[in-house]
Amino acid sequence: MLEGTLGFLRRHQRKFIIGAGVVGGLYMSAKLLTQRLVEMQTASAKERASKENIRRRFDQNQRDCLFTIMSLLPELSEQVLREVDVERLIAELRAIHRPQASRQKSTDDGTGDGRSQNDGESNVWSNNSNNSGDGDGENTKLSDDGEQKSQQEKNSADSSVDVEAGDKDVEPPRRSKVEIWEDIKVQSFARTLIAVYSESLLTMLVHTQLNMVGRSTYLDSVVGKFVDDNEESIVLEGRSESRISMTDEQNFLMLSWWFLNRGWRQMMSLIVDAVNKSVGQLSLKERMSHRELSALFNAVHVKLRENGLIQALSGFVLPLGDANVSDYLSSNKLDADKVFTTVFVRLLDQIRDIIESSDFAYVFNSCVDRLTTQLLDALQESFPEPVPIPVFNKPLPPTVEGETVPNLDEVVKEFEEFSVPSESRVVVVQLLPRIAREGHQILNGVPNNYLENISASREVQALSAVVYTAESAAL
């Protein structure tokens, strides 16, 4: 039995060896394949975790940007509303009406037509009346006694001025109502456009700064994974010693002070000049359609771009030049040797390169256009719906034998001419209150739909992603 078994094995030895090799090879192949699959799954899981981590950190960084902008806007808004004080002009205009109203009441025996017409100029700010604001009460006639009384008051006032001329200076003459209304017109447009441009630039500045810092923070967390042997995953909250020190980070983020206190004023001068040239010739009595108002805003944008506003953006947000640097350091009581470290200078050069790039200019223009579109949509409420012209549908004349078929092109053209409704038009003076209020809403709105609109735009998010993932942001 044993000899038979051994003989069988000797006769089939080659087959057993080949079979054992095949089985062993299959076993090893399966084991290697299983090990390879496990490694691929592990690598895929780590890659997904890494992508999810950077996505979470990026989304959190964008929320931090939004909250930071909302915390900075009140400081900017306070200065803009103080420098471009439309409400002060309204108070000045109303102050002119009060003495006139009191004199009118004393001289007119119950006649109030002239006063009501004058009051229409200031009341248009609160209730949007149809008066253009330049009526002078021509329909009111003073009695002979009233004229004599007015002349006596004028003579007594002149004599008192002559007596007191040696003691104090004579007050400057008051401006006319037309001059005040012209200032209201220019400043209403100017303040709203200053709000549009300043909020757009502040949004992009904060997004650029925080994404540059966020990039360094993310790299620190990745480095910390390999530095700490006990670390098994990427650190989300903590970080190891940063290549950007806390002091450098604070000094870098403090650069927004320059725009909030100096840069926006430089930008304001360009905007006011463009508004004066585009809006200054606009009559207060002129009736405008929504399309014409949109064209007017577009004309101001074009003039600003022609005047080099885009090329001056870096000077608005950064203290460039020795004089500006000295002003920045002295105003914040900073030491130049402690501020301008190697890391800070490199960050300053990087953000300047970003601001002066064509991508930054493109995103800035898109933000301005987006805010202007939203502004015009809000102003659409000031324009009543146009009343369509009734269309008289006349049937086509029947064709008989020997008669030509009517020209359909002429029929269609005639239909279009009669069916297009006329544009709704509003007097310019009635638009000024709403324009000024929207400028206030852009800076102080709660919730601020304008800020949320541009912060969530694809262009701003794309620029933030480029800055966050750019290798040049790493130090």
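A residue is called buried when its relative accessible area is under 20%, and the legends below apply this term to a predicted model.

**Figure 1. Overview of the protein chain in the predicted model.** The protein chain contains 18 helices and two strands. Of its 475 residues, 38% count as buried. The surface exposed by the protein chain amounts to about 28,000 Å², and carbon and sulfur atoms supply 53% of this area. Among contacts between residues at least 6 apart in sequence, 86% join residues at least 24 apart.

**Figure 2. Phe-189 and Phe-297, both buried, form one of the aromatic pairs.** The structure holds five aromatic pairs. What is the arrangement of the rings of Phe-189 and Phe-297? Their centres are 5.6 Å apart and their planes lie at 45 degrees, so the pair is tilted. An angle under 30 degrees would count as stacked, and one over 60 as edge-to-face. Phe-189 belongs to helix H6 (residues 177-227) and Phe-297 to helix H9, so the pair ties together parts of the chain that are 108 residues apart in sequence.

**Figure 3. Helix H9 has its buried residues along one face.** Helix H9 comprises the 17 residues 290-306. At 1.5 Å a residue, the helix should span 24 Å, and its end C-alpha atoms are indeed 24 Å apart, so the expected span and the model agree. The buried residues of H9 are His-290, Leu-293, Leu-296, Phe-297, Val-300, His-301 and Leu-304. Where do these buried residues lie when H9 is seen down its axis? They fall within an arc of 135 degrees, so they line one face of the helix. The face turned away from this buried side carries Arg-291 and Glu-306, which are exposed. After H9 comes Gly-308, which has a positive phi near 85 degrees.

**Figure 4. Ser-278 of helix H8 is in contact with residues of helix H9, including Leu-296 and Val-300.** Ser-278 is found in helix H8, which runs over residues 256-279. With a relative accessible area of 17%, Ser-278 falls under the 20% limit and therefore counts as buried. Leaving aside neighbours within four places in sequence, Ser-278 is in contact with Leu-296, Ala-299, Val-300 and Lys-303. Two of these partners, Leu-296 and Val-300, are among the buried residues of H9.

**Figure 5. Phe-58 and Tyr-468 form an edge-to-face pair.** Among the five aromatic pairs is that of Phe-58 and Tyr-468, whose ring centres are 5.5 Å apart. Their planes stand at 70 degrees, so the pair is edge-to-face. Phe-58 lies in helix H2 (residues 13-83) and Tyr-468 in helix H18 (residues 458-469), and the pair thus links distant parts of the chain, 410 residues apart. Phe-58 has a relative accessible area of 15% and is buried. Tyr-468 is also buried, at 2% relative accessibility.

**Figure 6. Leu-463 is a buried residue of helix H18.** The relative accessibility of Leu-463 is 13%, so this residue counts as buried. Which residues does Leu-463 touch, not counting those up to four places away in sequence? They are Met-204, Phe-360 and Val-363. The C-alpha atoms of Leu-463 and Asp-359 are 7.8 Å apart in space, although the two residues are 104 apart in sequence.

**Figure 7. Cys-65 and Cys-367 are buried in a structure with zero disulfides.** A disulfide is a covalent bond between the sulfur atoms of two cysteines. The structure holds zero disulfides. The relative accessible area of Cys-65 is 0%, and that of Cys-367 is 1%. Both values lie under the 20% limit, so these cysteines count as buried.

**Figure 8. Two loops contain backbone angles of note, at Lys-333 and Pro-447.** Most residues other than glycine have a negative phi, and most peptide bonds are trans. Lys-333 is not a glycine, yet its phi is positive, at about 55 degrees. Lys-333 lies in the loop between helix H11 (322-332) and helix H12 (336-339). Is Lys-333 buried or exposed? At 77% relative accessibility, Lys-333 counts as exposed. The peptide bond from Val-446 to Pro-447 is cis, and its omega is near -5 degrees. Pro-447 is found in the loop between helix H16 (428-444) and helix H17 (449-455).

Technical notes. Residues numbered from 1 in each chain as written. Predicted model: local features only at pLDDT ≥ 70, side-chain atom pairs only at ≥ 80, totals over all residues. Heavy atoms only, no water. Helix = DSSP H or I, 4+ residues; strand = E, 2+ residues; numbered from the N terminus. Expected span 1.5 Å × (residues − 1). Buried < 20%, exposed > 50% of the residue type's maximum accessible area, 1.4 Å probe, protein only. Arc of directions from axis to C-beta. Phe/Tyr/Trp six-rings, centres within 6.5 Å; stacked < 30°, edge-to-face > 60°. Contact = heavy atoms within 4.5 Å. Areas by Shrake-Rupley, 256 points an atom, 1.4 Å probe, with all protein chains shown as cover. Disulfide = S-S within 2.5 Å.
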